[in-house]
Amino acid sequence: MTENLVSIFLNSVFTGNILLAYFLGMCSFVAVSKNINTAIGLGFAVVFVLSVTTPLNWLLYHYLLAPGALHWAGLPNMDLSFLKFIMFIAVIAAMVQAIEMIIDRFSAALYAGLGVFLPLIAVNCAILGTSLFMVERNHTFIESVIFGFGSGVGWLMAIVSMAAIRIKLRYANPPYGMEGYGLTMIVTGLMAMAFMLFSGIAF
Amino acid sequence: MKIKNNTLKIFLRPVWSDNPINIQMLGICSALAVTVQLKTAFVMALSMTFVLSCSSFIISLLRKQIPKNIRIIVELSIISTFVILTDEFLRAYMFDVSKQLSVFVGLIITNCIVMGRAEAFALSNPPHLALVDGVGNGIGYGSVLIIVAFIRELFGSGKLFGFQVVPDYLYSIGYEDAGFMLLAPAAFIIIGLMIWFQKYLSRDKELKR
């Protein structure tokens, strides 16, 4: 049991890195990795939102939407799984809004750090993607908690290391047209290659 | 005549000079993951064009009714309605492709192109222009997808649309498929090179400016 959880965690951080192996959350990754402090801020906000929304969506899916999930309400033949996209995105948007208000109310310092990033996260593909992968891979509830947290940590690691590389790249002198996004994509490719080495390790 | 030219311009701009992937860097998330094979890339491009044009059209129709402070959630629900339609259609008629695309059809909802066009164009333009803009962006996105998929499938597995195109005698004299092309890093690097190439080609124009 514990072994399984550890392997899900390590897998979602390294070999199945949500950004480098499944390409999710690329848009904000490219836009925000220019500065290391904002990258850290957005990274932690993603970890936070992922660890909350993934288990929440698990509960929603398994008690309302999955085929036969409405058994407790006397509707064993109901299959609402086609509604999962719209429900998940609504949960994510609502959670992001709620988290923003809670942080604003209780911690001014945290709000100043994370506040501006939270609305961005609602449309970050990594969040919705993790929820959808969680359904596709039939995780249990505990596994979904670990999976959400692990994916967030993987994303955080990727964006922080990218921001660190981009600071150095500012002093590089690339050929015309290569600077900026083109170079970022190629460096991301090299990073993805480095992360693939982890797949040689059997967890 | 002026209106027609304007419409044409709105259509052509996102295809080349304002391409959503190569220039605006939007929607790369899904672009990279589905490009191992031409078939999935093609289906994805079609679904994206459908969702993008329909949702732009509807959002533009409703642009005067949508209250400003809840517009994001309204836009998201309009977009997800079309995504659900697409997903159900694919599962009914192309089950194997829909299995391969897995979560990426659903991720059209959070694709920055759709949201970006809704925010930047559909909310401030009449429906017919929004529709044209949606189709143009869909084609701009789709063409990048298809080029990347073409390169990856041809060099990665020697096939196009699942049919073998690299002749057997090449294999017999020692040619081998580049397995690297099928892996994630190759997609990043191909897109990076494409961005470079396109910027290089439009260099003269920029220097003149």
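In chain A, helices α3 (36-65) and α8 (141-169) each supply at least two residues of a nonpolar patch. Helices here are DSSP runs of H or I with at least four residues, strands are runs of E with at least two, and both are numbered from the N terminus. The model is predicted, so local features need pLDDT of at least 70 and side-chain atom pairs count only at pLDDT 80 or more, while totals for chains, interfaces and linings use all residues. Residues are numbered from 1 along each chain as its sequence is written, chains are lettered from A in the order in which they are written, and side-chain values use heavy atoms, without hydrogens and water.

**The patch on chain A**

The members of this surface patch are Leu56(A), Leu59(A), Tyr63(A), Leu64(A), Trp72(A), Phe141(A), Ile142(A) and Val145(A), and together they have about 710 Å² of accessible area. Such areas come from the Shrake-Rupley method with a 1.4 Å probe, and for residues only the protein chains shown count as cover. A nonpolar patch joins side chains of Val, Leu, Ile, Met, Phe, Trp or Tyr within 5 Å, each residue having over 30% relative accessible area and no salt bridge. A salt bridge is a side-chain nitrogen of Lys or Arg within 4 Å of a carboxyl oxygen of Asp or Glu. Helix α3(A) gives the largest share of the patch, four residues.

**Single residues of chain A**

The table uses three classes: buried (under 20% relative accessible area), exposed (over 50%) and partly exposed (in between), with a 1.4 Å probe and protein chains only.

| Residue | Place in chain A | Relative accessible area | Class |
|---|---|---|---|
| Phe141(A) | helix α8 | 31% | partly exposed |
| Met196(A) | helix α9 (residues 181-196) | 30% | partly exposed |
| Cys125(A) | helix α7 (residues 125-136) | 2% | buried |
| Asn138(A) | loop between α7 and α8 | 63% | exposed |

Met196(A) and Thr15(A) are 181 residues apart along the chain, yet their C-alpha atoms are separated by 6.0 Å. Leaving aside neighbours within four places in sequence, Met196(A) is in contact (heavy atoms within 4.5 Å) with Leu183(B) and Pro185(B).

Cys125(A) lies 99 residues from Met26(A) in sequence and 7.9 Å from it in space, C-alpha to C-alpha. Not counting residues up to four places away, Cys125(A) touches Leu24(A) and Gly25(A), as well as Cys29(B), Leu107(B) and Thr110(B).

Asn138(A) has a phi near 55°, a positive value in a residue other than glycine. Most residues other than glycine have a negative phi.

**Chain B**

Chain B has ten helices and two strands, in the order α-α-α-α-α-α-α-β-β-α-α-α along the sequence. Its C-alpha trace spans about 65 × 50 × 30 Å along the principal axes. Of its 209 residues, 48% count as buried. Among contacts in chain B with a separation of 6 or more, 75% join residues 24 or more positions apart. The chain exposes about 10200 Å², and carbon and sulfur atoms supply 67% of this area.

In helix α6 (residues 112-120) of chain B, the buried residues are Cys112(B), Ile113(B), Val114(B), Met115(B), Arg117(B) and Ala118(B). Their cover includes α2 (26-32) of chain A, together with α3 (38-61), α4 (71-93) and α7 (127-157) of chain B.

Methods. Patches are made of residues with over 30% relative accessible area and no salt bridge: like charges are joined within 9 Å, nonpolar side chains (Val, Leu, Ile, Met, Phe, Trp, Tyr) within 5 Å.
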